[in-house]
Amino acid sequence: MLNILFVGRMEKRKGFRYLLRAFAQIKSAVPNARLIVAGAYGKKEREPLVRFAREHGLRDVKFVGYISEEEKPRYYRSAHVFCAPSTGFESFGLVLLEAMAAGTPVVASDIAGYRTALTDGREGLLVPPQDPTALAQAIIGLLNDAERRRCMGEQGRMTASNYAWPKVARSTLDLYEECLEAQRNAARAMRDA
């Protein structure tokens, strides 16, 4: 099986319904594809999606629900592609970085928050939001190209490492030191004037 992973809530802005629609096209082209759906959602949010899958003959959609922080890395590593089909209003692509840290290539919506974490064609692919066909084509392309997935996964690991806490902390401290030095220089200039 080739696993596509979605991690998130079933909020409208997370765009899962577009991925579910895309999955029909994906299954036609890649019969051994499986969609794994993880996140903090309940029966009320899941039922209409399960019904949609059944009505459209979509097999191999696995709703696993909530997964702990300890379990997440295993899910990311078992995925061949991670998908984040959000429609907008994402401040930053933390789930993208989690997938990239695990070496999993990403297909995500081309929205401002995700463009800060992922470069199209490098760690994954960006597609127009709310476009199930573009989503399907990008995922099919990656599922059918193991070498491209491997290269994107390696690049994703390198990119994600730039966001590791030791590097972020060092950058923050460097910025504070620069500000303090600028303040000292300004105080000296005023004193010497």
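**Notes on a predicted model**

1. Let's start with the second largest pocket: α4, α7 (146-161) and α8 (165-192) each give at least two residues to its lining. Keep in mind as you read that this is a predicted model. Which helix supplies the largest share of that lining? It's α4, with four residues.

2. Staying with that second largest pocket, its volume is about 300 Å³. Twelve residues line it, and those closest to its centre are L94, L97, Y163, A164 and W165. By type, the lining splits into nine nonpolar residues, one polar and two charged.

3. Now for the largest pocket, whose volume comes to about 370 Å³. It is lined by 22 residues, with V7, G8, R9, K72 and V95 closest to the centre. At least two lining residues come from each of β1, β4 and α4 (94-101). Sorted by type, the lining of the largest pocket has twelve nonpolar residues, four polar and six charged. If you're wondering how such spaces get found, rolling a probe the size of a water molecule over the atoms shows where empty space is left.

4. Stepping back to the whole chain, you can count eight helices and six strands. Starting at the N terminus, the order is β-α-β-α-β-α-β-α-β-α-β-α-α-α, so have a go at tracing it on screen. The C-alpha atoms fit a box of roughly 80 × 40 × 30 Å along the principal axes.

5. How much of the chain is tucked away? Of its 193 residues, 45% count as buried. Look at the contacts too: among those between residues at least 6 apart in sequence, 69% link residues at least 24 apart.

6. Helix α1 is a nice one to check by hand. It has 14 residues (16-29), so at 1.5 Å a residue it should span 20 Å, and its end C-alpha atoms are indeed 20 Å apart. Even so, α1 has a kink of about 30°, centred on F23.

7. F23 is also one of the buried residues of α1, along with F16, Y18, L19, L20, A22, I26 and K27. What covers them? The cover includes strands β1 (2-7), β2 (33-38), β3 (61-65) and β4 (81-84), plus helices α2 (43-55) and α6 (132-143).

8. I4 shows the packing from the other side. This residue sits in strand β1. Its relative accessible area is 0%, under the 20% cut-off, so I4 counts as buried. Beyond its neighbours within four places in sequence, I4 touches F23, I26, A33, R34, L35, I36, V81, C83, I139 and L143. Compare that with K14, ten residues away along the chain: the C-alpha atoms of I4 and K14 are 16 Å apart.

9. Finally, two backbone oddities. Most residues other than glycine have a negative phi. D60 isn't a glycine, yet has a positive phi of about 70°. You'll find D60 in the loop between α2 and β3. Is D60 buried, exposed or partly exposed? With a relative accessibility of 24%, D60 is partly exposed.

10. The other oddity is F89, again not a glycine, with a positive phi of about 60°. F89 belongs to the loop between β4 and α4. Its relative accessible area is 78%, and exposed means over 50%, so F89 is exposed.

Conventions
Residues are numbered from 1 along each chain as its sequence is written. This is a predicted model: local features need pLDDT of at least 70, side-chain atom pairs count only at pLDDT 80 or more; totals for chains, interfaces and linings use all residues. Side-chain values use heavy atoms; hydrogens and water are left out. The expected span of a helix is 1.5 Å times one less than its number of residues. The bend at a residue is the angle between axes fitted to the seven residues ending there and the seven starting there. Buried means under 20% relative accessible area, exposed over 50%, partly exposed in between (1.4 Å probe, protein chains only). Contact means heavy atoms within 4.5 Å. On a 1 Å grid over the protein atoms alone, a cavity is a set of points where a 1.4 Å probe fits but cannot get out, and a pocket is an open set with protein on both sides within 12 Å along at least five of seven lines; lining residues have an atom within 4 Å of a point. Grid points are joined across faces, edges and corners, and a volume is the space filled by probe spheres set on the points. Ala, Val, Leu, Ile, Met, Phe, Trp, Tyr, Cys and Pro count as nonpolar, Asp, Glu, Lys and Arg as charged, and the others, Gly among them, as polar.
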